[in-house]
Every structure is written in C-alpha cells, then in structure tokens.
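Welcome! Here is a short guided tour of a protein model for anyone meeting it for the first time.

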Amino acid sequence: MPGLLVHEWIESTGGAEKVLRNMASSFPNADVLSLWNDDPTQMAERQVFETWLSRTRLRRSKALALPFMIPTWRNIRLQSEYEWILASSHLFAHTVKLQGQPDVPKYVYAHTPARYIWTPDLDSRGNNSGVRLVAPVFKRLDRSLATEPVGIAANSHFVKDRIGSTWKREAQVIYPPVNVRALSEVEAWSDRVDNDAEKALIDSLPEIFVLGVSRFIPYKKLDSVIGAAAKMALPVVLAGNGPELRKLQELAANSTVPVRIIQSPSNELLYTLMQRAAVLIFPPVEDFGIVPVEAQALGTPVVTGPIGGQTETFSAGLSGQIAESFEPSDLAAAASLALDLDNFDGGEVTRKFSEENFKSNIRAFVGIKS
C-alpha cells in the first residue's frame, strides 16, 4: 500500500512547497492531499486530492477558511488505503484523519505549530479579529489532536522548543532540504539568465549592494533592510512580490540610498542577485529560513536578528553575523562586520542542509530504510 503526503495548500512558490517536492521525491509512490491546489504544475506527475474547500471562495482567504480547516481535516474520505501518513504542517494539516482508516500511523513534519493562534506577535495575520475570537478554542483542540502522531519532526531547534511549549510533545529536528550542491556548483548564475530584460537588469546592478529577499508581507520586515542599508550608505536591492509592494515602493522613493525593487525574479536572476550581493540581510523571526542557506551556498554572508530558526542556518563569524536586535541600526552594524568576513566555501558551510540529507532523514523518520 502507498503512503499519503498531506500538505496545507499548494502554492507556486515557498519553502513549504520545496519541502513537499522533496517529500514527493523521497516517497515516489505516495499520493498527495491538500486543502486546495493553486499550482497544479507542482505535482503534475502525482495523484493530488483536494478537499471541498477548493471548490469555495474560502480558498482565497486563509483567515476566513481557518474555522473550517480542522473539521475538514478530520473528515477525509479517500478510496485508496494507506500504509502511513506524513503531514507537512504549518497550520492544522497534522490533525488529518482518514475516515475508515483509523489505525494508519501518522507522522508530522512541523514547520511550526500554527503561528496564527500560538504566536500572533510573530505574524500579524494572527491579529485578525476573527482569528483572535476562535484562537482559545483552537489552541485547546490543536494541543489535544497533537497527541495523535506516532512521531513529530521539527524543522529547527527553535520550532522544536515551540512544539514542546504548545503541544507538550517531544520532537526530533530534521532541517528542510535546500539544493545547496546545485547552487554552489554554478560559478556564475548570470550566465544562466536567458531573458533580455533580466540580462539588462543585471548589467545595471550597483557594484556593491545589500540584498533583501522574501515575500512582500509585513512580518518579513523588508523595510528594515532599507533602513539598515541607509545606515550603511549602500544601495539596496529587494527581490520578491506580495501585498506590501506599494508600501515598499513608497519607502524606496523616500530613501536616502538607491533602492531597486525586483518583482518575481526568475530563479536564475534571484541566484545571480544572491551571488552578486555584498551581504544578505534577513530580518524576520523565521521558523527556519531557506533564503539565508541559499545565499551562503552562493558564497554571500548573511545577517539576521537574534531570535529564530534562521540563526541555526549559519555560523556567526564564518558565513554571517547575528545582530543584537532587529532594529535597522543593529542590522547595519552586523552587516558591516559581515562585509569584512573572509571568503568561505558555500558548499561546505551548507552541506548539512542538503536535499540528500533531508531525503535520508525523512525516510528514516517514517521508518523506511534507504
């Protein structure tokens, strides 16, 4: 019998989707279940089941869909029988239950217990009035249902500690997969760019610049990257896209240093930016943080704030620096120190985050020998 991979929802980009793709590669015969699938190309070769939420407008508003998620996960009916379940969860996917198959062992790879309800101070989306209203009920339910999995893996020690305090469960740490070998083996990613507009953009980049990369949403704090670069009197490049675009454009227009905003760059352009940047500043409190690992694999030092899983992705003083606070002045001070670091072997410092390590570890977690 095959296994079943469970994922909250499938988007076109994101760290969770990278984890799902590597899980699918690790378990080639497994089916996939998600609340909804916004990018069918992600799992085109795989059987992907969606829930009733995919046929409603609720899929367009995760906050409005929130109250319906656990009841949906608890009433999954699939015709196939499964040997095991592996849930990739950052909200409530870990609560999944197959009707008619109550004894299927369930394993959970936790990106985090639901930040919306447990740590809204780290994610402003949890400050929605509707989310605040249901949070106490969902906390009790979430903790109760977290007793079901046979095993729980966390994507960082930071998240492992959160699992202990919220779910009252022990977890082992399995770092997410990053394709560090492929990244570090390319001498010049700019040679891989085949779009004329992106080639012209590369030619126009400043010789030295500070880089910020993420989705343009509030908790990513890209405004702090602009502020830190201004303190350093260096140009800044921001790469990504999202609802904060207009706000960032306004900040860029009023900045004392040049700010270039690059929307939805190709992977080749993104890796070129990482390779060309003097330093990557990564301000959010993350559960893990794949972007800093990618930057290091490409030989670029990183700077983060002092709290979060992203501090586990590098060695301070070797391939990055940890700022004393999340304030732009402290990020700038740490970035100035990072500029003076010796060159480092990107492949070597990121080896433990490789896709090969993840595949071996996740298969062992589910009890399948490589």
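The tour starts with the overall picture and then visits the two sheets and some of their parts.

This is a predicted model, in which local features need pLDDT of at least 70 and side-chain atom pairs count only at pLDDT 80 or more, while totals for chains, interfaces and linings use all residues. Residues are numbered from 1 along each chain as its sequence is written, and side-chain values use heavy atoms, with hydrogens and water left out.

**The whole protein**

The protein has 14 helices and 13 strands; these are DSSP runs numbered from the N terminus, helices being H or I with at least four residues and strands E with at least two. Its radius of gyration is 21 Å, close to the 21 Å that the globule rule gives for 370 residues, so the protein is as compact as a globular protein of that length. That radius is taken over C-alpha atoms, and the rule is 2.2 Å times the number of residues to the power 0.38. Of the 370 residues, 55% are buried (under 20% relative accessible area; exposed means over 50%, partly exposed in between, with a 1.4 Å probe and protein chains only).

**The seven-stranded sheet**

Seven strands make an open sheet with parallel pairing, in the order 3-2-1-4-5-6-7. Two strands count as paired if DSSP finds at least two bridges between them. At the edges are strand 3 (48–50) and strand 7 (172–173), each pairing on one side only. Some of the parallel pairs are listed here.

| Pair | Bridges |
|---|---|
| Strand 1 (residues 4–7) and strand 2 (residues 31–34) | Four bridges |
| Strand 4 (residues 85–89) and strand 5 | Five bridges |
| Strand 5 and strand 6 (residues 151–154) | Four bridges |

Within these pairs, Leu5 stands opposite Val32 in strand 2, Ser88 has Tyr109 of strand 5 as its bridge partner, and Ala110 is partnered by Ala154 in strand 6.

Strand 5 (residues 106–110) deserves a closer look. Five of its five residues are buried, so strand 5 is largely enclosed by the rest of the structure. Lys106, Val108 and Ala110 cover one side, with Tyr107 and Tyr109 on the other. In a regular strand, side chains alternate between the two faces of the sheet.

Helix 1 (residues 15–26) lies across strand 1, strand 4 and strand 5, at about 175° to strand 1. Axes here are lines fitted to C-alpha atoms, for helices over the stretch in contact, and angles run from 0 to 180 degrees between N-to-C directions. Contact means heavy atoms within 4.5 Å.

**The six-stranded sheet**

A further open sheet has six strands in the order 10-9-8-11-12-13, again with parallel pairing. Strand 10 (259–263) and strand 13 (320–322) each have a single partner strand, so one side of each is left without a neighbour in the sheet. From one strand to the next, the twist averages 20°. Helix 8 (residues 222–232) packs on this sheet and touches strand 8, strand 9 (236–240), strand 10 and strand 11. Helix 9 (residues 245–253) also packs there, touching strand 9 and strand 10, and its direction makes about 160° with that of strand 10.

Which residues of helix 9 are buried? They are Leu245, Leu248 and Ala252. These residues cover an arc of only 65° around the axis, which puts them on the same side of helix 9; the arc is that of the directions from the helix axis to the C-beta atoms. On the other side, Arg246 and Ala253 are exposed. The cover over the buried residues of helix 9 includes helix 8, strand 9 and strand 10.
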